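User: I'm new to this structure and would like to know what lies behind the terms people use for it. Could you walk me through a few of them?

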Amino acid sequence: MDTIVRKKTISTSTPSSNLVLALLFTFLLQTIIRVECSNLNYTKYRKVSSLRLERIQRHLDKINKPPVLTIESEDGDLIDCVHKRKQPALDHPLLKNHKIQKMPTMMPKGMNINVESLDRSSKSGGDAWQMWHQNGTRCPKGTVPIRRSTVHDVLRAKSLYEYGKKQRRSPLLFRRIEPPDVVNNGNGHEHAIAFTEAGEELYGAKATINVWDPTIEVVNEFSLSQIWILSGSFDGSDLNSIEAGWQVSPELYGDSRPRLFTYWTSDTYQATGCYNLLCAGFVQINSKIAIGASISPLSSYNAKQYDITILIWKDPQVGNWWMRFGDGSLIGYWPVELFTHLADRATMVQWGGEVVNSRANGQHTSTQMGSGRFADDGFGKSSYFRNLEIVDMDNSLTSATNIVTLAENKNCYNIKSFYNNRWGTHFYYGGPGNNPQCR
Ligand SMILES: *[C@@H]1O[C@H](CO)[C@@H](O)[C@H](O)[C@H]1NC(C)=O
């Protein structure tokens, strides 16, 4: 009786202390947040101030748009179906009056337009697909599926500012210094890549990429396999880059599943750009493919292989950079307004793998690239990129014949390229990271 009265007194006669109590209560509730990564030996308890949580929530309210429908995926993702006109891209100051382009004016020569079809047939075992489709529910017409960001996603990032951003790559990579000089290049990014000869005029690139689930030793490392479309100076602050492929990034997604991703920057990974739809930029038109969602099924050792096909090219009339997935699904585009050099054309395309080696415990970590096997093991064992193609000045897709390969430390990860009729220009790449020759 006594307590009830006291409670009543607090709640009715002193609204300010009521507020204080409420704040204190939420503070206590939210002070200890459990940040957990399944499949990784990473369970961390972090103290988070309510002020920081408020800031994070404000940011999330900005990037998570009100959904028409939300679909729950088996992997824990929430996929929000957001009205096309409400998607994050249109918050960009340069896209205030942007009219969404429904279709590219032209495909690269010799290709068909088919917005929503999914061709699962593929010589090597079928296109990989997305886990949230298993729910059975689809996004309604006029909406686009967007992976919802959570407080935990942001808390795993180094800061709110860095959430969704990529650390700058080593500029040394681009100067083509031979391996001994490039080893230990400072920020721990390591590559096994193929790239076009400098100075070409390029308007797009295509490849079919084998999908695996490489293990990541440390939570803030990642392993990715992607296409880069580049222009600008590699060691300056004006590098324009458009990137897409699959990545495993425990920091970004909270798990170790490979996910379809995109990235863009117009200032060498500094203030502009981000992964997926985590900032205003990429305009999505597809209602079936969620960028940032996990891919399933995956390739396994000496068994069925799965791959994804990605084509990125510049609409020759409008100038937007379009992305197509599989054999016919248009995903969306990077509006020409986002870029400086890429508003004109690309000067280099790269294909391959990138990992971060944080040298935890003073050694090269055992974070894998590709399948975790070296290129030498070949089909069914090491990961591949096949049918490497570029889009030329004529808007024609042609086989990428003049490529150079590079791996900073071949004892950790390597790459071997080949050519044949069926797979055109292709390569195997990857590696285990830490091993007796890679410490
Ligand atoms: C699909 O998503 C809906 C909406 O979030 C959820 O209620 C349902 O349980 C999910 N179904 C399956 C089979 O996962």
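User: What makes E3 and strand E4 count as partners, and how do they run?

Analyst: Happy to help! This is a predicted model. Two strands pair if there are at least two bridges between them. Four bridges join E3 to E4 (residues 78–83), so they count as a pair, and they run antiparallel. One example is Leu 69, whose bridge partner in E4 is Cys 81.

User: Which strands form the open sheet, and in what order?

Analyst: Three strands form it, in the order E3-E4-E6, with antiparallel pairing. From one strand to the next, the twist averages 25°.

User: Why is one side of strand E3 and of strand E6 left without a neighbour in the sheet?

Analyst: Strand E3 (69–72) and strand E6 (143–147) stand at the edges and have a single partner strand each, so each has one side without a neighbour there.

User: What makes an empty space a cavity, and how many are there?

Analyst: A cavity is a space where a 1.4 Å probe fits but cannot get out. The count comes to three cavities of 30 Å³ or more. The largest cavity has a volume of about 120 Å³. Of the 13 residues that line it, those closest to its centre are Arg 147, Ser 149, Asn 276, Leu 277 and Leu 278. Its lining divides into eight nonpolar, four polar and one charged.

User: Which residues are closest to the centre of the largest pocket?

Analyst: The largest pocket has a volume of about 430 Å³. Of its 24 lining residues, Lys 158, Lys 165, Lys 166, Gln 167 and Glu 251 are the closest to the centre. Lysine and glutamate count as charged, and the whole lining has nine nonpolar, eight polar and seven charged residues.

Terms used: Residues numbered from 1 in each chain as written. Predicted model: local features only at pLDDT ≥ 70, side-chain atom pairs only at ≥ 80, totals over all residues. Heavy atoms only, no water. 1 Å grid on protein atoms, 1.4 Å probe; cavity = no way out; pocket = protein on both sides within 12 Å on 5 of 7 lines; lining within 4 Å. Points joined across faces, edges and corners; volume = space filled by probe spheres on them. Helix = DSSP H or I, 4+ residues; strand = E, 2+ residues; numbered from the N terminus. Axes fitted to C-alpha atoms, helices over the stretch in contact; angles between N-to-C directions.
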